[in-house]
Amino acid sequence: MSKLSILTTLLAATLLFQGCSKEDSSKNTTQEANALLSTNEFVLNSLDNKQYIIEKKGDGFELKGAKGKVLILDVFATWCPPCQAEASHLASLQKKYKDDLNVIGITVEADVPNSKLENFRKQFHADYTLVNSSENARIIDEIAKKLKLGRDFGIPLMALYKDGKLVNYYQGATEEEFIESDIKKALGK
């Protein structure tokens, strides 16, 4: 009988605490919803001190204020030879499609000094937006998550979006012609 009364007491206490925590969980749900709203935007700081706001849109991303343009998010590292090789291709495409394309390079390197990114830009002709922000890791994780790549994906990783919808993505060195073909397709050309 003693075991039965202990079990009954434990069951009653468990139900009591679950009942009490139900009210608290609605508060937690509201807090979680507010937290989710704030995670739908990424504020990225470029080397020239401009801010770029990237918004999550469904399964993709969109640069705030650039509706109708193609967005390339390029995940790279300054020490990565394929990343170095493709920088001039991305710059060429940015120049060619300047009114219809935004290329944003997002480094995977934590705490990299801006001077190192400036050297990368000069040495490899990366004449497009490079961002060095505390938000880099968070947006890179989101890109990989949406592309279902996991945490250990290869770089460079480029994802092309138009109006928040994924057009295509590439891992590793990619020929400029393939990227341009997808840009044209996204623009209806």
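Two strands count as paired here if DSSP finds at least two bridges between them. That rule sits behind the close-ups below, and the model they show is a predicted one.

**View 1. Strands E2 and E3 run side by side in the antiparallel sense.** Strand E2 (residues 51–57) is tied to E3 by 4 bridges. To pick out one spot along the pair, look for glutamate 55, whose bridge partner in E3 is glutamate 62.

**View 2. Three strands make an open sheet, in the order E1-E2-E3.** The pairing in this sheet is antiparallel. Which strands stand at the edges? Strand E1 (41–45) and strand E3 (60–63) do; each has a single partner strand, so one side of each has no neighbour in the sheet. From one strand to the next, the twist averages 30 degrees. Helix H4 (residues 136–146) lies across E1, E2 and E3, and its direction is at about 130 degrees to E1.

**View 3. A second open sheet has 5 strands with mixed pairing.** Read across, the order goes E6-E5-E4-E7-E8. Strand E6 (129–131) and strand E8 (165–171) take the edge positions, and since each has a single partner strand, one side of each is left without a neighbour in the sheet. Ignoring direction, neighbouring strands here are turned by 20 degrees against each other on average.

**View 4. Zooming in on that sheet, E4 meets strand E7 (residues 157–162).** The two pair over 6 bridges, antiparallel. One handy landmark is leucine 73, which has alanine 159 as its bridge partner in E7. H4 turns up here as well: it packs on the sheet and touches E4, E5, E6 and E7, with its direction making about 110 degrees with that of E5. Helix H3 lies across E4, strand E5 (101–107) and E6, and runs at about 155 degrees to E6.

**View 5. The largest nonpolar core takes in 51 residues.** Ile54, Leu73, Ile143 and Ile183 are the ones with the most contacts inside the core. Which strand gives the most to this core? That would be strand E4 (residues 70–76), with 6 residues. For a close look at one of the well-connected members, go to isoleucine 183. Leaving out residues up to four places away in sequence, isoleucine 183 touches Val70, Ile72, Leu93, Tyr97, Leu101 and Leu160.

**View 6. Phenylalanine 120 and phenylalanine 124 form a tilted ring pair.** A pair of aromatic rings is described by the distance of the centres and the angle of the planes. For these two, the centres are 5.4 Å apart and the planes are at 45 degrees. Tilted is the right label because 45 degrees is neither under 30, which would count as stacked, nor over 60, which would be edge-to-face. Both residues belong to helix H3 (residues 114–124), and because they are 4 residues apart there, about one helical turn separates them. Are the two buried or exposed? Phenylalanine 120 and phenylalanine 124 are both buried. Elsewhere, Phe42, Phe61 and Tyr161 make up one aromatic cluster, and the count of aromatic pairs is 4.

**View 7. Cysteine 80 and cysteine 83 get a close-up of their own.** Cysteine 80 is buried, at a relative accessible area of 4%. Cysteine 83 is buried too, with a value of 1%. How many disulfides are there? The count is 0, where a disulfide would need two cysteine sulfur atoms within 2.5 Å.

Notes. Residues are numbered from 1 along each chain as its sequence is written. This is a predicted model: local features need pLDDT of at least 70, side-chain atom pairs count only at pLDDT 80 or more; totals for chains, interfaces and linings use all residues. Side-chain values use heavy atoms; hydrogens and water are left out. A nonpolar core is a set of buried Ala, Val, Leu, Ile, Met, Phe, Trp, Tyr and Cys residues joined through side-chain atoms within 4.5 Å. Buried means under 20% relative accessible area, exposed over 50%, partly exposed in between (1.4 Å probe, protein chains only). Contact means heavy atoms within 4.5 Å. Rings of Phe, Tyr and Trp (its six-membered ring) pair if their centres lie within 6.5 Å; planes under 30 degrees apart count as stacked, over 60 as edge-to-face and the rest as tilted. Axes are lines fitted to C-alpha atoms, for helices over the stretch in contact, and angles run from 0 to 180 degrees between N-to-C directions.
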